[in-house]
Amino acid sequence: MKIQTGTAKIGHDDSDWELHKGHGPRTHRWVVKYPEPFAVPPTASVSLAGFEARSKDDENFRLAVRVVKTEHDKMKLEVKTNGYMKVMNVTVTWLAYGS
């Protein structure tokens, strides 16, 4: 069994990042490549390690991260927010294991 871990940071410096603009539901997806490919798509998990954000008028912070898809050499991650949250960046930790 092979186990790989890492961290990934994404935010407003990415040209497709929209989580710091507007309001309402917003989603951003991005790809993280594994340091070494797996023989078959691994099982993967992701967790929130940190973020920079602000909200309007003491509104609750709403932020979720998840693995959307795994492949033998990469995985697609997703971060979501809602309301008036202005998310500047997100840092996640991830773990992938398999053959």
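Is F61 buried, exposed or partly exposed? In the predicted model, F61 counts as partly exposed, at 48% relative accessibility. The surroundings of this residue are described below, after the two sheets that make up the strand pairing.

The first sheet is open and consists of 3 strands in the order β1-β6-β3, paired in antiparallel fashion. Strands β1 (2–11) and β3 occupy its edges; each has a single partner strand, so one side of each is left without a neighbour in the sheet. From one strand to the next, the twist averages 15 degrees. Strand β1 is joined to strand β6 (residues 86–98) by 10 bridges, and the two run antiparallel. Within this pairing, I3 stands opposite Y97 in β6.

The second sheet is likewise described as open, with 3 strands in the order β2-β5-β4 and antiparallel pairing. Here the edges are taken by β2 (26–33) and β4, each with a single partner strand, so that one side of each is left without a neighbour in the sheet. Neighbouring strands of this sheet are turned by 25 degrees against each other on average, direction ignored. A set of 8 bridges joins β2 to strand β5 (residues 74–81), and these strands run antiparallel. T27 stands opposite K80 in β5. In general, strands of a sheet pair through backbone hydrogen bonds, in either a parallel or an antiparallel manner.

Strand β5 also contains T81. This threonine has a relative accessibility of 5% and therefore counts as buried, the limit being under 20%. Its side chain reaches the backbone oxygen of R62 at 2.7 Å. R62 is also among the residues that T81 touches; leaving aside residues up to four places away in sequence, these are L19, G24, P25, R26, R62, L63 and V87.

Aromatic contacts form a further element of the model, with 3 aromatic pairs in the structure. In one of them, Y34 and F38 are arranged edge-to-face, with 5.1 Å from centre to centre and 85 degrees between the planes. Both the separation and the angle satisfy the criteria applied, because ring centres must lie within 6.5 Å and planes over 60 degrees apart count as edge-to-face. Y34 counts as buried at 6% relative accessibility, and F38 counts as buried at 3%.

A tilted pair is formed by F51 and F61, with 6.0 Å between the ring centres and 55 degrees between the planes. F51 lies in strand β3 (residues 43–54), whereas F61 lies in the loop between β3 and β4 (63–70), so the pair ties together parts that are 10 residues apart in sequence. F51 is partly exposed, with a relative accessible area of 39%, and F61 is partly exposed at 48%.

Ring pairs also link Y34, F38 and W94 into a cluster. F38 has a further neighbour in K2, which lies over the face of its ring at 5.4 Å from the ring centre. F38 thus takes part in the edge-to-face pair with Y34, belongs to the cluster with W94 and has K2 over its face.

How values were computed:
Residues numbered from 1 in each chain as written. Predicted model: local features only at pLDDT ≥ 70, side-chain atom pairs only at ≥ 80, totals over all residues. Heavy atoms only, no water. Phe/Tyr/Trp six-rings, centres within 6.5 Å; stacked < 30°, edge-to-face > 60°. Buried < 20%, exposed > 50% of the residue type's maximum accessible area, 1.4 Å probe, protein only. Helix = DSSP H or I, 4+ residues; strand = E, 2+ residues; numbered from the N terminus. Lys NZ or Arg CZ within 6 Å of the ring centre and 35° of its normal. Pairing = 2+ DSSP bridges. Axes fitted to C-alpha atoms, helices over the stretch in contact; angles between N-to-C directions. Polar contact = N/O pair within 3.5 Å; in protein donor to acceptor, adjacent residues only side chain to side chain. Contact = heavy atoms within 4.5 Å.
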